[in-house]
Amino acid sequence: MLESRWFRRAGPAVATLAAVAAVVVIASSTLGAPARTWVPEACSGAPTMGSSTAGTWYRIDPALDAGALAGQRLTVGRAGDRGARQLDLDAESFAAGPVGGTILVGTDDGRHSRLSLIDVARGCAWSVAETVDVIRTATLGSDGATLFEYRVDRRTRADLGLWQRPLDGATPPSRVLPPIVADARFGPTWLTDLVWSYDRRSLAVQSCGELACRVRVLDPVIGEVQLVADPDVGDLVGIAGDRLVAHGVCRGLPCPLVSVDLHDGSTTVLDHAAGQAVLSRDADGRPLVVHEVGAAGRTLRIVGLDGQHPAALDGDPDGRRLVGGPARSGGAAETAAGWILFGPDGRLPIDGALRPVLRHVPDGRTVPLDEVSR
Amino acid sequence: MITRRRRRGRAVSLLLVAAVAATLAGPVTRIAAHSPDPALGGDTFVQDGRLLYDWRTGAVPPAAMRTAINAAAADVGDTRASRAATFDFDTAGANPIGYGTGTCGVNGLACFTRDAPNGFTMWFREQGRVFDWGTLKWCQMYTDAPSGCYDVETIALDEFGHVEGLGHHVNYSDDSDYTDAVVQTYSRTRPRAGYNMHVLGVCDVAQLQIRYDIPGASSKYSTCLDVATVMTLSRSAASVVYGGNVTFTATLKVVTDTAYGRLSGNPVSGRAVRLQRRPPGTTTWSNFATMTASSPTGSYVVSTRLYSSAEFRAVFSAPTNEGLRADGSPAVAVAVGSCTTAPCPLSTGR
């Protein structure tokens, strides 16, 4: 394993991204303006999180060559800005966030995995990590100063577990979770995802087989781990308090939506045939689930994580769909608590045809994404 | 920052296995191994409906995959053995099939949404998508398909099955019945058996028949079914003179049972139904006549002259090539008067 302190100290012109950020196709932004071609400059100083950064967004799409994945195209922007920026990543790459106006980007060129943190508002990036192991996914800690990354072996693709490192490179990376134990009920791991709890106190490390997923809920402060390993549970919607919300094991939608009590393992079926789902909160700050009723997404429903107090919620009158988590929507936008996002086909648009809107769950207020960010 | 490290894997998992399995049973009917695929929740499409799909704008699959997806759509029509909907490509199709990221989430190869009876969507992962275990290879994207590739036609057939309303087949623990269904939880890669199934399996068809009905009364019931039948028998007269003519009419139906879905109460025609007889006071039945199909559908008749009193029943023997159970009708008696006009036989009989 190679660790490069130099990289963490911010390589010139952010080699992590510049190496692959061949400037790309001009596309339209969320607001309909052309995307600007972009090679990120190196940010000066230590990585920092901004404030008042709602509206920062990204979307990642495959870049194909003769029908085969040649790379991925990352589009980033800020609602309210006239343009979006695009850069090309390697085929094995990811984006995470946004947090504090930054987007964490990982890309692997077949020899090294490199992580960068893009400050969208400033239009620059910090190089924060380089490894010989493949970093499959990563996330910023709630303190904004710690990086968690999930690795596999480059040659064997064996699971190497969850690692953490300080963004400032003061100490070397250390492993905080071992590889997940092989279990024939789940098969080989297809996708690992890192999802913070709604209060960002716990980190859910989700290891999904072809369909079913296991979740290890890590308390990063005390190191406690809870395992949810049920072959009838699929991808994670979110965690809040002592409850985990997930879809059932389905190859599509609609799909059952279940809530698992992490204390006693009891489960509650929140809906038998839900579409996309996200966590949000009510007027009193209590977490709740917002989900589509059925696969069409014409109507929505809110329900407590314990299955109580269900209520209907109008769908988007213009046909936008609820934007699910990054694993389902291939993108995300930074929003204040209590807001949910709607976009065409449940994704953030990059062609400007139908602008995304935000809805405030407690009072139903709906505004364009770019309106609340200013 | 992590200040103290204490890993404690709590044994929530075992509790969850049973609990979630129970709670998830609502939308998906749980059925034992080698039974019809479970049914997904939600409505069905119109019987024999024709669902038109088009390639999603901006996310059109490459030519080799389009060909395989179209072939899978044809496979549905060719092998559904039911009145399930069919799928056809049409540039005006309202149901988009895409290639790329889509909104599949973590699901591996492909995904769908179904909004029966209105429509569906489908997505296929792109060739070369990198997963934790390695890189996705679609067999059809190669001139010489490599080991470890996934067959597009098979996966597309699986997805079309889901769209129809099929859940994942519950296999035996050793997966020895894997090829009884193409709608599987786990997909196989070349060259494992079943990686390139291009027909719906018998247990896929079974659930399609339950949800959509069989094409006609003489159509075969999937061997993955075990459908009870009920046979009734009536006669044109309870008593006749010696040598008088009696017409026997049998009806064969599927037992009325909500578990059989659209098959419930179906008339069953075109099967072999025999009329058996036994002398009054005896217990041994003997074959008497073969009944022929008649109308209304599911009826079988035979007319015969009788020369002695007897009890009769109609019998349907379970065929080996379909999933229908045998049944025999209750006995009906016909009294035959004595012979009064010579010549008369020395013994009773026909």
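A residue is called buried if 20 or more other C-beta atoms lie within 10 Å of its own. The model described here is predicted, and this cut-off was applied to helix 4 of chain B. The buried residues of that helix are B:Val202, B:Cys203, B:Asp204, B:Val205, B:Ala206, B:Gln207, B:Leu208, B:Gln209, B:Ile210, B:Arg211 and B:Tyr212. That is 11 of the 11 residues of helix 4 of chain B, so the helix is largely enclosed by the rest of the structure. Its buried residues pack against helix 3 of chain B, which spans 152-164. After helix 4 of chain B comes B:Asp213. The phi of B:Asp213 is positive, near 85 degrees.

The loop between helix 4 (202-212) and strand 6 (229-235) of chain B holds B:Thr223. B:Thr223 has 17 other C-beta atoms within 10 Å. That count is below the 20 needed for a buried residue and above the 12 that would make it exposed. B:Thr223 is therefore partly exposed. Neighbours within four places in sequence aside, B:Thr223 is in contact with B:Val202, B:Asn321, B:Glu322 and B:Gly323. One of these, B:Val202, is among the buried residues of helix 4 of chain B. Another, B:Asn321, is 98 residues away from B:Thr223 in sequence. In space, the two are 6.5 Å apart, C-alpha to C-alpha.

Nonpolar cores were examined next. The largest has 103 residues. Those with the most contacts inside it are A:Ala95, A:Leu104, A:Leu244, A:Val289 and A:Val290. Strand 22 of chain A (residues 267-281) gives the most to this core, with 6 residues. Sequence neighbours within four places aside, A:Val289 is in contact with A:Val237, A:Val245, A:Leu270, A:Ala277, A:Leu279, A:Ile302, A:Val303 and A:Leu305. A second, separate core has 77 residues. It includes B:Ala85, B:Met122, B:Trp123 and B:Tyr212. B:Tyr212 is also one of the buried residues of helix 4 of chain B.

The two chains also meet. In all, 53 residues of chain B are in contact with 68 residues of chain A. On the chain B side, helix 1 (12-23) and strand 4 (110-115) are the elements that give two or more residues. Helix 1 of chain B gives the most, with 9 residues. By class, this side of chain B has 21 nonpolar, 21 polar and 11 charged residues. Strand 4 of chain B is also joined to strand 20 of chain A (residues 252-253) by 2 bridges. These two strands run parallel. Within strand 4 of chain B, B:Phe112 is the bridge partner of A:Gly252.

Key. Residues are numbered from 1 along each chain as its sequence is written. Chains are lettered from A and ligands numbered from 1 in the order in which they are written. This is a predicted model: local features need pLDDT of at least 70, side-chain atom pairs count only at pLDDT 80 or more; totals for chains, interfaces and linings use all residues. Two residues are in contact if their C-beta atoms, placed from the backbone, lie within 7 Å. Helices (H or I, at least four residues) and strands (E, at least two) are DSSP runs, numbered from the N terminus. Ala, Val, Leu, Ile, Met, Phe, Trp, Tyr, Cys and Pro count as nonpolar, Asp, Glu, Lys and Arg as charged, and the others, Gly among them, as polar. Two strands pair if DSSP finds at least two bridges between them. A nonpolar core is a set of buried Ala, Val, Leu, Ile, Met, Phe, Trp, Tyr and Cys residues joined through C-beta atoms within 7 Å.
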